[in-house]
Every structure is written in structure tokens, then in C-alpha cells.
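Me: I am new to reading protein structures and would like a close look at a single part. Could you take me through the salt bridges slowly, and then show me what lies around them?

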Amino acid sequence: MLRYTIKRLLWMIPIVLGVSLIVFTILYFMPGDPVTMIAGASATDTEREALRASLGLDKSYLGQLGTFLGDTFLHFDLGNSYITKLDVAAELIYRLPRTLLLTVMCTVLSLVIGVPIGITAATHQNGFVDHLVMFGALLGVSIPSFWLSLLLVLLFSVKLDWLPAMGIGSIRHYILPAIAGSLGGIAMQARQTRSSMLEIIRSDFITTARAKGVKENMVIYKHALRNALIPIVTLTGTQFGVMLGGTMILETIFGIPGVGTYIITNGIGGRDLPIIRGGAVFLAIAFSFCMLLVDLVYAAVDPRIKAQFVTRRAKK
Amino acid sequence: MSVKKSVKRKDGSFRRVMRQLLKNKAATAGIIIFIAEIILAVLAPLVAPYDPNEMDIIHKLQGPSIQHLMGTDDLGRDLFSRVLYGARYSLGMGICATALGSLAGMIIGSVCGYFGGKVDYLVMRFLDIVQAIPGTLLVIVVAAVLGTGFIETVVALSISGIAGAARLLRASMLNVRQLEYIEASHSINCSKMRIILHHLLPNSFSPMIVSMTMGIASTIVAAAALSFVGLGVQPPTPEWGSILNTGRNFMREHAYYMLAPGLAIMVTVLSLNMFGDGLRDALDPKLKN
């Protein structure tokens, strides 16, 4: 396990560097000249050239890439915004807790609601409850979260006036975004739990447990659920990672000033390259660390994965 | 000869899959709804009661009525006609982007799956890196660079699907590659191209069909999400996401405005998911519980 962990950790270095390289290269081709944007149309050519040199934009692609990677990984500096001149890394750290709170709320909701629903469906296989749950889950997967957000705002903020539609004043502000962001996750968890429970319920050891006279609730929650847990754990980790990188649209709709809004509104809206680049690299690195955790937990729970990894590397 | 052929056909996997599919009511309903939407999109000029871009300021923001089935928007344009025409853009983008991404992924996947070795190892590690970037983020960044327009948006949307498709095809090819009939085609000196295109690809394709069906659904949502953040196709193009995005400004007094395009997206995604679920069960009986 230790060998696997170390190998997997070392593999993070090329991943993180590669992700930064890809994001940098894509954004290198972003249209529009930042110098014109910052200096304005009235600036003289000398002023422009001086500004271009001070931003490092006169260097070649490789020169700029080198500066970017060096600044990012040696000095943990993602540059300053072209427009507000503020430090991008500091802004991201400042906004991260809001994004993180929303992501955690969504993940917890999916897990706490999705798994019991999935178990109920599995234990009532092909019955009315099962069909109802499975249809509901399909519907849940199919509703786009941004449309659901608008519907929730319409019902709970505009019509009933129970919950705020925008902002981050209190925890109540996060209720609607969390519901909108987690419905798809709940549905996916329910489907995943149902199918892995159904697989386990048929195994011999469940029959044995029942034959020994173990109570049905114990059979389901202790014997079966424990063994059905691996895919659920994986899905939870993946959902957390995907949510972290995908809350932007939710944040924009609900006016939550998190990492996503920063990238979308300040970065893309203002064509502010350091914000987009820094934000994207930041989120991608956070996402790959989530995936690393999922892999490690997975390997710890399921010895087959570890074995597979070791033999594959040994062959080389 | 003819007898032999008919026997072979009876057990053909295509027919078995179709029979399974038709037995599944949800899957049948799903594909019927989706095909109906495509027909409506193609026939939009005949079906739509109004020109989707014809403004009529006097009758702006009117609720649904007999004249305007889904009401009118802030410029007095007929929303029903706009949603109908919007199907052309939304469905078109979903189908094109998924096809493009799957094609690119399939080329990569089949090269890796067939040749294996160092090329395969390097490409797979590269895909690991690409997949370390969250999908939504990658699409938004690429769309920001490429700019707004139909083709630009399709390319941006297709990129997020390439890695997944490549991996999926490679995995199923690795399984098929070990089977006897591939060894047999090697032994009768089939060309590599022929083995890949005629033997490996058709036999490892079924998981791809399922993922492409679901892919169209998620791409339509992603396209709408792009318009929602100001990227993607721009107004006045009647794309569903862009209608929804404009409608959002009027939701307090005129809720019907954002209901129509949202419903259109949901029904499409739902029908594709129902069909995809059924297809997966039909193609892989092991998975069916």
C-alpha cells in the first residue's frame, strides 16, 4: 500500500505540471491584446512597448511558459489581475471557502439522501416504490441544474418569499444553491446504490446470513451495504471533485462570490487572462487532488486495484 | 447459402438488441420523442406559426394564448416558434459535438487499443492529464478562446468528450483483441487497417453507442450552460440556453418565458437518457438486474 501511495503521489507531479501546461497553451491563443486593453487607445507606442515588456508579453511562447510555471510552482504566484491589479492567488484563497462550502453541502446532501433512496429501491426491486424511485432518479439526472435553480428561486424566493435568491449573508443563502446543485447527485447516488446493492443482495453470503436467522434490517444495512460501499465511495469522491470544478454556473446564478464567479465574471467577462489562467490551474489542481484521494481510498478498500497497479508497473 | 444466411440473421445481435429495446417501454418512448423532436426541428419552417426573429413590440411579453402557444418574448417574438427553431441549434450542436468528440476519441482509442505498447502508454498518460481538468472548466476555457459562434461552440463542446471516448473504445478493444477471430484474421494476413476497421471496431463498438447517446444529452445541457454564462451561440440566435438566459431577466413577472426553453431541454435530455438506459440493458444483458 505504501509503495502504491508513493507512486500515486509522485505521479501527481507530471499531472499538475501537465495541467498547467495545457491550460497555459490553450489560453495563449486567447484573442485580444491585453496591452491595448490596459493602456487604452490613447497610449503611445513607447508606452505600449514598455507595458508589454513589464507584463512579460514580449517574450516567446516558451519564455512566457517558463515564467508562468516558475512563478506558479516556485513562488506560488499566479500573477496579478490586469484590471484590478490584485493578486490572483490571494483572491482565489479568499473566495475558496464559499465554493468549498457549497461543494461540501451538495456532496453531503447527495450522499445522505441518495443512498437511503437507492437502498429502498433495491429492497423493493420491481415493486411500485422501485419504479417510482427509478423514474424520479431519471428525472433528477435530466433536469439541468441551472434551470432547476431558476425554478427554485421562482417558487421559494419570488412566490413564497421563504429564502433569499442571491448573496451569501447567512447559511440560508446556501440552501437553494445546494438543493439545485445536489439533485443530480442525489439521483446518481440512488441509481448507483440500487445497482450495487442488487448485485450484492444476490451473493451467497447474504443468503447465508439470512439462513442463520440474522434480522433483515441487519442483513441489508450491515452485511449488504458494507460490501456495496466501494462504488458509492468512488462516486462520492468523483462528485466532490466535479462539483468543485463545476459550481461556476450555480455561483453565477445565485450571486455567490466564489472561485467560479471570479473566473466567469471577472476573468472571462473582463477578458482578464491571469484570472482565467490562475483560476483554471487552481481548480484543476484541486480537482486532481480529489481524484488522488479517491484512488487512494479505493485502493485501500479494494486490494484488486492495488495488485493490478503493481503488476502492470512490474511488467515494464 | 440462402438458408445459412437466414439462420445467421435470426441470431444476429442487431435483431436481438432491437427486440430487447422494443420490449422496454421507456426506451421506446425515449427514442420516439427524440426522433419526433428531430423531425420538428427539420420541419421548423413549416410547423412554426411565426418567423422566430420577427419582432412585434406591441405584443411583447404576453402569456401563452391561442395565438402564441408559449407566449411572446421581450421583443414580441413568438416563443413557440423560437423554441422550435432553437431545436435546430441545440440538437444540432449536441449531435455534432458528440459525433466530433467521439470520432476523435475513437481514432485515438483504436490506435492505442490495437498497437498497445509505448504509444498506448504515453497517450493514456496524456489523457490522464487532460482528464485532470474538470470538464465544465475545460469547455468554458476553450469556448472563451475560440469565441462565440456555432462551429466554435461545437468544437469547444466536443473537446471534453474525446478523452472519455478514447478510453472506452481502447478498453473494449483490448478485450476483443485477444479473441480467436482476430488471431485468425492476422494469420490470413489481413492488413492492420482492415483488422481495425472491419473486425475490431464493429465488435467493440457497443459501449460507444450507449455513451454517445448519453453524450448528446449532456452536451445539450453543456451548450445551454455556455450560453448561460455569456459564451456559446449569441442572441438573437434562438438556441434554448440563450432564450433561457434572456428569459431569466423577466422571471419575476413573466415566468412562462423561462419555462418553455427549460422544458424543451429537460424533455430532450430525459428522452435520451431513457433510450440510453434501455440501450445499455439491451446491449449488455449482464448489467440488467
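Reply: Here is a walk through the salt bridges, followed by a look at the chains around them. Please keep in mind that this is a predicted model.

Let's begin with the general idea. Side chains of opposite charge can pair when their charged atoms come close. Over all chains, the count comes to 10 salt bridges.

A good place to start is the pair A:Arg191 and B:Asp277, whose side chains meet in a salt bridge with 2.9 Å from N to O. A:Arg191 lies in helix H8 (residues 175–201) of chain A, while B:Asp277 lies in helix H13 (residues 256–283) of chain B, so this pair joins two chains. Are these two residues buried or exposed? Both A:Arg191 and B:Asp277 are buried.

Now move to a pair inside chain B. The side chains of B:Arg170 and B:Asp120 form a salt bridge, at 2.6 Å from N to O. This pair links distant parts of the chain: B:Arg170 belongs to helix H8 (residues 150–177) of chain B and B:Asp120 to helix H6 (residues 117–131) of chain B, 50 residues apart. B:Arg170 is buried, and B:Asp120 is buried too.

Another salt bridge is formed by B:Asp128 and B:Arg167, with their closest N and O atoms 2.7 Å apart. Here too the pair links distant parts of the chain, with B:Asp128 in helix H6 of chain B and B:Arg167 in helix H8 of chain B, 39 residues apart. B:Arg167 counts as partly exposed because its relative accessibility is 26%, and partly exposed covers values between the 20% limit for buried and the 50% limit for exposed.

Salt bridges can also share partners: A:Arg191, B:Asp277 and B:Arg280 are joined into one network in this way.

Charged side chains also appear on the surface. B:Arg15, B:Arg16, B:Arg19 and B:Lys23 gather there in a patch of positive charge. One of them, B:Lys23, sits in helix H2 (residues 13–23) of chain B, and B:Lys23 is exposed, with a relative accessible area of 66%.

For a contrast in chemistry, turn to chain A. A:Leu100, A:Val104, A:Val108, A:Leu111, A:Val112, A:Ile113 and A:Ile117 make a nonpolar surface patch of about 500 Å². Within that patch, A:Val104 lies in helix H5 of chain A and counts as partly exposed at 38% relative accessibility.

It helps to see the frame that holds these pieces. Chain A has 14 helices and 0 strands, and its C-alpha atoms fill a box of roughly 85 × 65 × 30 Å along the principal axes. Of the 316 residues in chain A, 46% are buried. To get a feeling for distance, take A:Leu132 and A:Phe68: they are 64 residues apart in sequence and 53 Å apart in space, C-alpha to C-alpha. A:Leu132 is placed in helix H6 (residues 128–142) of chain A.

Finally, a word on cysteines. A disulfide is a covalent bond between the sulfur atoms of two cysteines. The structure holds 0 disulfides over all chains. A:Cys290 is in no disulfide, and the nearest cysteine sulfur, that of A:Cys106, is 14 Å away. A:Cys290 counts as buried at 11% relative accessibility, and B:Cys112 counts as buried at 2%.

Methods:
Residues are numbered from 1 along each chain as its sequence is written. Chains are lettered from A and ligands numbered from 1 in the order in which they are written. This is a predicted model: local features need pLDDT of at least 70, side-chain atom pairs count only at pLDDT 80 or more; totals for chains, interfaces and linings use all residues. Side-chain values use heavy atoms; hydrogens and water are left out. Patches are made of residues with over 30% relative accessible area and no salt bridge: like charges are joined within 9 Å, nonpolar side chains (Val, Leu, Ile, Met, Phe, Trp, Tyr) within 5 Å. Accessible areas come from the Shrake-Rupley method with a 1.4 Å probe; for residues, only the protein chains shown count as cover. A salt bridge is a side-chain nitrogen of Lys or Arg within 4 Å of a carboxyl oxygen of Asp or Glu. Lys and Arg count as positive and Asp and Glu as negative; His and the chain ends are not counted. The place of a charge is taken as NZ of Lys, CZ of Arg, CG of Asp or CD of Glu. Helices (H or I, at least four residues) and strands (E, at least two) are DSSP runs, numbered from the N terminus. Buried means under 20% relative accessible area, exposed over 50%, partly exposed in between (1.4 Å probe, protein chains only). A disulfide is a pair of cysteine sulfur atoms within 2.5 Å.
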